[in-house]
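Colleague: I have a few questions about how this chain packs. Can we go through them with the structure open?

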Amino acid sequence: MSAEGASLSVHAARTALNRDPEIRAWAEEWLKEREREVFVANPQAKAEEFERHWRYMRPEKMHEGAVAAVEAYYAKQQQGAVENGTTMGR
């Protein structure tokens, strides 16, 4: 996302996830941690059951969270570039 405040479409986010394994892996971990927080907040849920839960919820969460995850990835990259005094090459 080169333009400040530009909104990412679902299609663009899904394309980024499908074309770049690094973005996909980062996004999946980011979404998994968000889902883990929601899962363990339920008093009836057991932390050890999360992996099984994630296995079934992963496709849905990857689809519905694509935009948020890719935006978070780019924001993290931009933040790292600013901290390092470089610019993003994307």
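The turns below take up the helices, the core and the aromatic rings.

Modeller: This is a predicted model, where local features need pLDDT of at least 70, side-chain atom pairs count only at pLDDT 80 or more, and totals for chains, interfaces and linings use all residues. Residues are numbered from 1 along each chain as its sequence is written, and side-chain values use heavy atoms, with hydrogens and water left out.

Colleague: Which residues are buried in helix 1?

Modeller: Helices are DSSP runs of H or I, at least four residues, numbered from the N terminus. Buried means under 20% relative accessible area, exposed over 50%, partly exposed in between, with a 1.4 Å probe and protein chains only. In helix 1, the buried residues are Ala13, Ala16 and Leu17.

Colleague: Why do they sit on the same side of helix 1?

Modeller: The arc is taken from the directions from the helix axis to the C-beta atoms. The other side of helix 1 has His11, Asn18 and Arg19 exposed. Ala13, Ala16 and Leu17 are the buried ones. They share a side because they cover an arc of only 95° around the axis.

Colleague: Which element gives the largest share of the largest nonpolar core?

Modeller: A nonpolar core is a set of buried Ala, Val, Leu, Ile, Met, Phe, Trp, Tyr and Cys residues joined through side-chain atoms within 4.5 Å. The largest one has 17 residues, and those touching the most other members are Ala13, Ala16, Leu17, Ile23, Leu31, Val70 and Tyr74. Helix 1 (10-19), helix 2, helix 3 and helix 4 (66-84) each give two or more residues to this core. The largest share, five residues, comes from helix 4.

Colleague: What does Leu17 contact beyond its neighbours within four places in sequence?

Modeller: Contact means heavy atoms within 4.5 Å. Leu17 is one of the buried residues of helix 1, and the cover over those residues includes helix 2, helix 3 and helix 4. With the sequence neighbours set aside, the contacts of Leu17 are Ile23, Arg24, Ala27, Met62, Ala66 and Val70.

Colleague: Is Lys61 buried or exposed?

Modeller: Lys61 lies in helix 3. Beyond residues up to four places away in sequence, Lys61 touches Leu31, Glu35, Trp54 and Ala66. The relative accessible area of Lys61 is 18%, so the residue counts as buried.

Colleague: Which side chain makes a polar contact with that of Lys61?

Modeller: A polar contact is a pair of N or O atoms within 3.5 Å; within protein, one must be able to donate a hydrogen and the other to accept it, and residues adjacent in sequence count only if both atoms are side-chain atoms. Here the distance is 3.5 Å, and the partner of Lys61 is Glu35.

Colleague: Where does helix 3 bend?

Modeller: The bend at a residue is the angle between axes fitted to the seven residues ending there and the seven starting there. In helix 3 that angle is about 55°. Pro59 follows within four residues of the bend, which is at Met57.

Colleague: How are the rings of Phe50 and Trp54 arranged?

Modeller: Rings of Phe, Tyr and Trp (its six-membered ring) pair if their centres lie within 6.5 Å; planes under 30 degrees apart count as stacked, over 60 as edge-to-face and the rest as tilted. This rule gives five aromatic pairs. The centres of Phe50 and Trp54 are 6.2 Å apart and their planes at 20°, so the pair is stacked.
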